[in-house]
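Work through the exercises below with the model in view. Try each task before reading its solution.

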Amino acid sequence: MNFLDKLNKYSQRISFNIFALNGYLVLFAYIYLSFFLKPNSADWILWFCFLGIITAIYIVAFIAYCVEVVTQYRWRFGFFENKQYVFVLLSGALISIIYILILMIFFALPLFM
């Protein structure tokens, strides 16, 4: 639970919200692509577009985080105390973290072996 508590303290940052909601886009993209694309099809451009959009949103979340660190900006709304909203955010963040770990394991790690 300590890891979830650390993630929960970032829920009032715009960049964390973008990062967490992108996790659901990752999940949607992989479900959609796995059900509707046939193996060995010529729809690789669709894969490329989905992965490009996902990567662009991660870059936007990183830039927003850098701006928030410099300006020390945080939201001051009460809906972050809602347990269901925090659960949705943390679930999306965990999906995003798993996606990034899978990318590192399958693409970045073999470069160093």
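**Exercise 1. Two cysteines**

Is cysteine 66 buried, partly exposed or exposed? Classify cysteine 49 in the same way, then give the count of disulfides.

Solution. This is a predicted model. Step one: take cysteine 66, which has 33% relative accessibility. Buried means under 20% and exposed over 50%, so cysteine 66 falls in between. Cysteine 66 is therefore partly exposed. Step two: cysteine 49 has 41% relative accessibility, so cysteine 49 counts as partly exposed. Step three: a disulfide needs two cysteine sulfur atoms within 2.5 Å. By this rule the model has zero disulfides.

**Exercise 2. The overall plan**

How many helices and strands does the protein chain have, and in what order do the elements run?

Solution. Step one: count the elements. There are four helices and zero strands. Step two: read from the N terminus. The order is α-α-α-α. Step three: look at burial. The chain has 113 residues, and 27% of them count as buried. Step four: turn to the surface. The accessible surface is about 8,300 Å², with 76% of it belonging to carbon and sulfur atoms. Step five: check the contacts between residues at least 6 apart in sequence. Of these, 82% join residues at least 24 apart.

**Exercise 3. Confidence**

Which helix has the lowest mean pLDDT, and which the highest?

Solution. Step one: start with the whole chain. Its average pLDDT is 80, and 83% of the residues score at least 70. Step two: compare the elements. Helix α1, residues 2–8, has the lowest mean, 69. Helix α3, residues 44–71, has the highest, 86. Step three: keep a caution in mind. Where pLDDT is low, the predicted coordinates should not be read in detail.

**Exercise 4. Two residues of helix α4**

Where is glycine 92 placed, and which residues does glycine 92 contact beyond its neighbours within four places in sequence? Do the same for isoleucine 95.

Solution. Step one: find glycine 92 in helix α4, residues 83–108. Step two: classify it. Glycine 92 has 0% relative accessibility, so glycine 92 is buried. Step three: list its contacts. Leaving out neighbours within four places, glycine 92 meets Phe19, Ala20, Gly23 and Tyr24. Step four: add a distance. Glycine 92 and isoleucine 18 are 74 residues apart along the chain, yet their C-alpha atoms are separated by 9.6 Å. Step five: move to isoleucine 95, also in helix α4. With neighbours within four places set aside, isoleucine 95 contacts Gly23, Tyr24 and Leu27. From isoleucine 95 to phenylalanine 19, C-alpha to C-alpha, the distance is 9.8 Å, across 76 residues of sequence.

**Exercise 5. A residue of helix α3**

Which residues does isoleucine 57 touch, not counting residues up to four places away in sequence?

Solution. Step one: place isoleucine 57 in helix α3. Step two: its relative accessible area is 27%, so isoleucine 57 is partly exposed. Step three: with residues up to four places away left out, isoleucine 57 touches Ile18, Asn22 and Leu25. Step four: isoleucine 57 and phenylalanine 19 lie 38 residues apart in sequence, with 7.7 Å between their C-alpha atoms.

**Exercise 6. A nonpolar patch**

Which residues form the nonpolar patch on the surface?

Solution. Step one: name the members. They are Ile98, Leu101, Ile102, Leu103, Met104, Ile105, Phe106, Phe107 and Leu109. Step two: give their accessible area together, about 890 Å². Step three: look at leucine 109, in the segment after α4. Its relative accessibility is 42%, so leucine 109 counts as partly exposed.

How values were computed
Residues are numbered from 1 along each chain as its sequence is written. This is a predicted model: local features need pLDDT of at least 70, side-chain atom pairs count only at pLDDT 80 or more; totals for chains, interfaces and linings use all residues. Side-chain values use heavy atoms; hydrogens and water are left out. Buried means under 20% relative accessible area, exposed over 50%, partly exposed in between (1.4 Å probe, protein chains only). Helices (H or I, at least four residues) and strands (E, at least two) are DSSP runs, numbered from the N terminus. Contact means heavy atoms within 4.5 Å. Patches are made of residues with over 30% relative accessible area and no salt bridge: like charges are joined within 9 Å, nonpolar side chains (Val, Leu, Ile, Met, Phe, Trp, Tyr) within 5 Å. Accessible areas come from the Shrake-Rupley method with a 1.4 Å probe; for residues, only the protein chains shown count as cover. A salt bridge is a side-chain nitrogen of Lys or Arg within 4 Å of a carboxyl oxygen of Asp or Glu. pLDDT is the predictor's confidence in each residue, from 0 to 100.
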